[in-house]
Amino acid sequence: MTSKEIAQEAIAKMNKRITNEIFLIIQNDRKLMHEYLRAVEANGLDSLNQSIGKEVKKIYQLTNLNDREDNPSCTLIQSHQKFD
């Protein structure tokens, strides 16, 4: 592997974790979790999670990956969700 390929693979792995980490912050913060639940009630789970995922992608300038985090540690998201 070239240095560029190594860096790209490492970055791709990190990209998969970022959204999970953001949702963990929400899950573990009482105020954010309360607001999240209110937003789920108003907007629906899938819609809200997709919107949050899109915002994370935009802010961190992430690229789409063909593979997703197979086993997210956050209970708010599921590995089959798509954030693009």
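Start by selecting residues 45–60, which form helix α3. This helix has 16 residues and reaches 22 Å from its first C-alpha to its last, close to the 22 Å expected at 1.5 Å a residue. Keep in mind as you click around that this is a predicted model.

Now, within α3, which residues are buried? Select Leu48, Asn49, Ile52, Gly53 and Val56 and you have them. They cover an arc of only 130° around the axis, which puts them on the same side of α3. And what do these buried residues pack against? Show α1 (3–28) and α2 (30–43), and you'll see their partners.

Before leaving this helix, step just past its end to Gln61, where phi is positive, at about 55°.

Next stop: α2 together with α3. Two packed helices are described by the angle between their axes and the distance between the axes. For α2 and α3, that angle is about 120° and the axes are 7 Å apart. The two helices, α2 and α3, are therefore oblique to each other. To see who meets whom, select Tyr36, Ala39, Val40 and Asn43 on the α2 side, then Leu45, Ser47, Leu48, Asn49 and Ile52 on the α3 side. Try colouring this contact by class: there are 6 nonpolar residues, 3 polar ones and no charged ones.

Zoom in on Ala39, which sits in α2. Which residues does Ala39 touch, if you skip those up to four places away in sequence? They are Gly44 and Leu48. Then pick the C-alpha atoms of Ala39 and Asn49: these residues are 10 apart along the chain, and the two atoms are separated by 9.9 Å.

Over to α1. This helix has 26 residues and reaches 37 Å from its first C-alpha to its last, close to the 38 Å expected at 1.5 Å a residue. Highlight Asn15, Ile18, Thr19, Asn20, Phe23, Leu24 and Ile26, the buried residues of α1. Turn the view to find what they pack against, and you'll land on α2 and α3.

Finally, zoom out and show the whole protein. How many helices and strands does it have? There are 3 helices and 0 strands, so to speak an α-α-α run from the N terminus on. Colour by burial, and the buried residues make up 26% of the 84 residues. One last thing to look for is contacts that link distant parts of the sequence: among contacts between residues at least 6 apart in sequence, 65% join residues at least 24 apart.

Definitions and conventions:
Residues are numbered from 1 along each chain as its sequence is written. This is a predicted model: local features need pLDDT of at least 70, side-chain atom pairs count only at pLDDT 80 or more; totals for chains, interfaces and linings use all residues. Side-chain values use heavy atoms; hydrogens and water are left out. Helices (H or I, at least four residues) and strands (E, at least two) are DSSP runs, numbered from the N terminus. The expected span of a helix is 1.5 Å times one less than its number of residues. Buried means under 20% relative accessible area, exposed over 50%, partly exposed in between (1.4 Å probe, protein chains only). The arc is that of the directions from the helix axis to the C-beta atoms. Contact means heavy atoms within 4.5 Å. Axes are lines fitted to C-alpha atoms, for helices over the stretch in contact, and angles run from 0 to 180 degrees between N-to-C directions. Angles under 35 degrees count as roughly parallel, over 145 as roughly antiparallel, 65 to 115 as roughly perpendicular and the rest as oblique. Ala, Val, Leu, Ile, Met, Phe, Trp, Tyr, Cys and Pro count as nonpolar, Asp, Glu, Lys and Arg as charged, and the others, Gly among them, as polar.
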